[in-house]
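Grab your viewer and work through these exercises on voids, a helix and two loop residues. Each task comes with a solution you can follow step by step.

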Amino acid sequence: MPEQTQPDQTQPVPAQQPPGSVADRLAVVRGRIAAAADAAGRGPDDVRLLVATKTQTADAVLEALAAGVDLIGENRVQELVAKAPAVADRLADGTLAVHMIGHLQRNKINQVLATATGLETLDSLDLARAISDRCVRDDRTGSQALDVMVQVNVTGEESKSGVGPDDAAELAAAVAALPGLRLTGFMTIGARLADSSERGVRAGFARLRAVRDEVLASGAPGTGTATELSMGMTGDLELAIAEGATIVRVGTAVFGPRPAP
């Protein structure tokens, strides 16, 4: 990993809606990512942009895809299902990846697997086993395995899902051993800047990086692919990139304030 920057070298950008079209806003976000990566001594291609499409219409999603977006994330299963027809062609030709970034209930597994190429919110072995069973049943193994990340609650807030940092490595090793699942890394929702200092936000992101590094160093079967760190959103993506994020999840800065459901 490149050397991490000091807390005063990277400043977060307040969440706001840049003017113009979705394409214009995407350009601003990509500029922020590139600048933050450069400040951290990293290349712009080291960080992927996941566009979070919660409450957005299918037309808005298609506008983002037309502007070059190749990775989107859905929080709600019903929205994932509703928008699936609009992105079916891109999924079929392999030019789009769709991640589930919201909490997943076991009774919704089949609906998610019908569209999602990845799940970032795996937080229990029971859920992992249930998903593994469905993948095996559907012959979704080997190169067709589902990409999954272990969600880690680095803040300890009861309102947030995720396994605790002290238990994350053990869960990751167990998940990596299951057929039909490919462990690709770890995801977290950081502390809100409004509730914490920049140093506190960065400490949470650094904790996730430490979990990832511990798992990679363990050499446990199936953990060698667990390189991703999905962390950072519109208001704190610079801090996340400074701490090693490989995926940042941005919605508001691309689409503006979310419309009411």
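**Exercise 1.** Sort the lining of the second largest pocket by residue class, then say where that lining comes from.

*Solution.* Start with the classes: six lining residues of the second largest pocket are nonpolar, one is polar and four are charged. The sorting rule counts Ala, Val, Leu, Ile, Met, Phe, Trp, Tyr, Cys and Pro as nonpolar, Asp, Glu, Lys and Arg as charged, and the others, Gly among them, as polar. Next, pull up the lining itself: Arg 30, Ile 33, Ala 34, Pro 44, Asp 45, Val 47, Arg 48, Leu 49, Gly 68, Val 69 and Asp 70. Now map these onto elements: α1 (22-39) and β1 (48-52) each supply at least two residues, and α1 gives the most, with three. Elements are DSSP runs numbered from the N terminus, helices being H or I with at least four residues and strands E with at least two. Finally, the volume of this pocket is about 230 Å³.

Two notes before going on. This is a predicted model, where local features need pLDDT of at least 70 and side-chain atom pairs count only at pLDDT 80 or more, while totals for chains, interfaces and linings use all residues. Residues are numbered from 1 along each chain as its sequence is written, and side-chain values use heavy atoms, with hydrogens and water left out.

**Exercise 2.** Describe the largest pocket and the largest cavity.

*Solution.* First, the terms: on a 1 Å grid over the protein atoms alone, a cavity is a set of points where a 1.4 Å probe fits but cannot get out, and a pocket is an open set with protein on both sides within 12 Å along at least five of seven lines; lining residues have an atom within 4 Å of a point. Points are joined across faces, edges and corners, and a volume is the space filled by probe spheres set on them.

The largest pocket comes to about 540 Å³. Its lining has 22 residues, with Ile 189, Met 233, Thr 234, Gly 235 and Arg 258 nearest the centre. By class, that lining holds 10 nonpolar, six polar and six charged residues.

As for cavities, there is one of 30 Å³ or more, and the largest has a volume of about 40 Å³. α3 (77-92) and β2 (71-74) each supply at least two residues of its lining, with α3 giving the most, five.

**Exercise 3.** Check the span of α5, then find its buried residues and what covers them.

*Solution.* Helix α5 (residues 125-137) has 13 residues and reaches 18 Å from first C-alpha to last, close to the 18 Å expected. That expected span is 1.5 Å times one less than the number of residues. Its buried residues (under 20% relative accessible area; exposed is over 50%, partly exposed in between, 1.4 Å probe, protein chains only) are Leu 127, Ala 128, Ala 130, Ile 131, Ser 132 and Cys 135. Their cover includes α4, β4, β5, α6 and β6. After the helix comes Asp 139, with a positive phi near 60°.

**Exercise 4.** Thr 223 and Gly 41: buried or exposed?

*Solution.* Thr 223 sits in the loop between α7 and β7 and is buried, at 1% relative accessible area. Leaving out residues up to four places away in sequence, Thr 223 touches (heavy atoms within 4.5 Å) Ala 173, Ala 176, Leu 183, Val 215, Leu 216 and Ser 218. Gly 41, in the loop between α1 and β1, is exposed at 59%.
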